[in-house]
Amino acid sequence: MNSVVSASAALDQLALGETFTFDELVGAVQRSRGRRLRIVELVGVTGRDGLCAVWFEAGGDDVILHAQSDSVLHEQQFVLHELAHMILGHEVDEDSDVPDILLPDIPPETRRRLLCRQDLNTVKEIQAETLADHLAAAIRGSTMHRSRYLEVFG
């Protein structure tokens, strides 16, 4: 999924159906990208610190680093937003000229990804957050479906 695609087309490519679990979504993204995905909580960093999550490629893997939150759902939303960028094909703009003076120890691709996500009102950020909301609803739908099944069939 290297080119930018519509949200509905991207979700269709993942073949998850209308409801799915978080783990099923992660597995589908890994398969579609052909690489392992590592999701790591940044201990001691909260969303109030200005960084909620960031996705970058390292050693052939996709890595999502996310801030801590008192709410599991809030942390999940951080990750879903980054997964949405992957699903939509929002790759790092390789032509972006980000100086390395302030962050010399961080690879250029990672530095670009960190700095280009500061403006949350861009089309890509809005698309990613919208898709993340849809992903969260599908995950909630999966949970509700399973709980109703247990209520009815024990």
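Hi everyone, let's start in the middle of this one. The largest nonpolar core has 29 residues, and the ones with the most contacts inside it are Leu25, Ile64, Leu80, Leu83 and Ile87. Six elements each put at least two residues into this core: α1 (7-14), α2 (22-33), β2 (53-58), β3 (61-68), α3 (72-88) and α5 (123-153). The largest share comes from α3, with eight residues. As background, nonpolar side chains tend to be buried together in soluble globular proteins.

Before going on, please keep in mind that this is a predicted model. The mean pLDDT of the protein chain is 79, and 69% of its residues reach 70 or more. Where is confidence lowest, and where is it highest? It is lowest in helix α4, residues 108-116, with a mean of 56, and highest in α2, with a mean of 96. Where pLDDT is low, the predicted coordinates should not be read in detail. I'll leave α4 there, then, and spend our time elsewhere.

Now the overall layout. The protein chain has five helices and three strands. If you walk along the sequence, you meet them as α-α-β-β-β-α-α-α. Of the 154 residues, 38% count as buried. About 9,200 Å² of the protein chain is exposed, and carbon and sulfur atoms supply 54% of that. Taking the contacts with a separation of 6 or more, 62% are between residues 24 or more positions apart.

Let's go to α3, the helix with the largest share of the core. How many of its residues are buried? The count is 14 of 17, so to speak a mostly covered helix. From first C-alpha to last, α3 reaches 24 Å, close to the 24 Å expected at 1.5 Å a residue. At its N-terminal end sits a cap: a side-chain oxygen of Ser71 lies 3.3 Å from the backbone nitrogen of Leu73. Just after the helix, Gly89 takes a positive phi of about 80 degrees.

Two residues of α3 are good places to zoom in. Start with Leu80, one of those with the most contacts inside the core. Setting aside neighbours within four places in sequence, Leu80 is in contact with Phe22, Leu25, Ala132, Leu135, Ala136 and Ile139. Then look at Gln76, also in helix α3. Is Gln76 buried or exposed? Its relative accessible area is 18%, and buried means under 20%, so Gln76 counts as buried. Leaving out neighbours within four places again, Gln76 is in contact with Phe22 and Ile139. The C-alpha atoms of Gln76 and Ala136 are separated by 8.2 Å, although these residues are 60 apart along the chain.

Step back a little to the loop between β3 and α3, where you'll find Ser69. Ser69 is partly exposed, with a relative accessible area of 23%. Beyond residues up to four places away in sequence, Ser69 touches His74, Glu75 and Phe78. With His74, the side chain of Ser69 makes a side-chain polar contact of 3.0 Å. A polar atom of the Ser69 side chain also lies 3.1 Å from the backbone nitrogen of Ser71, and Ser71 is the residue that caps α3. Looking the other way along the chain, the C-alpha atoms of Ser69 and Arg48 are 9.3 Å apart, with their positions 21 residues apart in sequence.

On to α2, where confidence is highest. Its 12 residues should span 16 Å at 1.5 Å a residue, and its end C-alpha atoms are 17 Å apart, which agrees. Which residues of α2 are buried? They are Phe22, Leu25, Val26, Gly27, Ala28, Val29 and Arg33. Just after this helix, Gly34 takes a positive phi of about 65 degrees.

Arg33 brings me to my last stop, Asp62 in strand β3. Asp62 counts as buried, at 1% relative accessibility. Which side chain does it pair with? A polar contact of 2.6 Å joins the side chains of Asp62 and Arg33. Not counting residues up to four places away in sequence, Asp62 touches Arg33, Arg35, Arg36, Leu37, Arg38, Trp55, Phe56, Glu57 and Met86.

So if you'd like a route through the model, begin with α3 and its eight core residues, then visit Ser69 in the loop between β3 and α3, and finish at the contact between Asp62 and Arg33. Thanks for listening!

Methods: Residues are numbered from 1 along each chain as its sequence is written. Side-chain values use heavy atoms; hydrogens and water are left out. Helices (H or I, at least four residues) and strands (E, at least two) are DSSP runs, numbered from the N terminus. Buried means under 20% relative accessible area, exposed over 50%, partly exposed in between (1.4 Å probe, protein chains only). Contact means heavy atoms within 4.5 Å. Accessible areas come from the Shrake-Rupley method with a 1.4 Å probe; for residues, only the protein chains shown count as cover. A nonpolar core is a set of buried Ala, Val, Leu, Ile, Met, Phe, Trp, Tyr and Cys residues joined through side-chain atoms within 4.5 Å. A polar contact is a pair of N or O atoms within 3.5 Å; within protein, one must be able to donate a hydrogen and the other to accept it, and residues adjacent in sequence count only if both atoms are side-chain atoms. The expected span of a helix is 1.5 Å times one less than its number of residues. pLDDT is the predictor's confidence in each residue, from 0 to 100.
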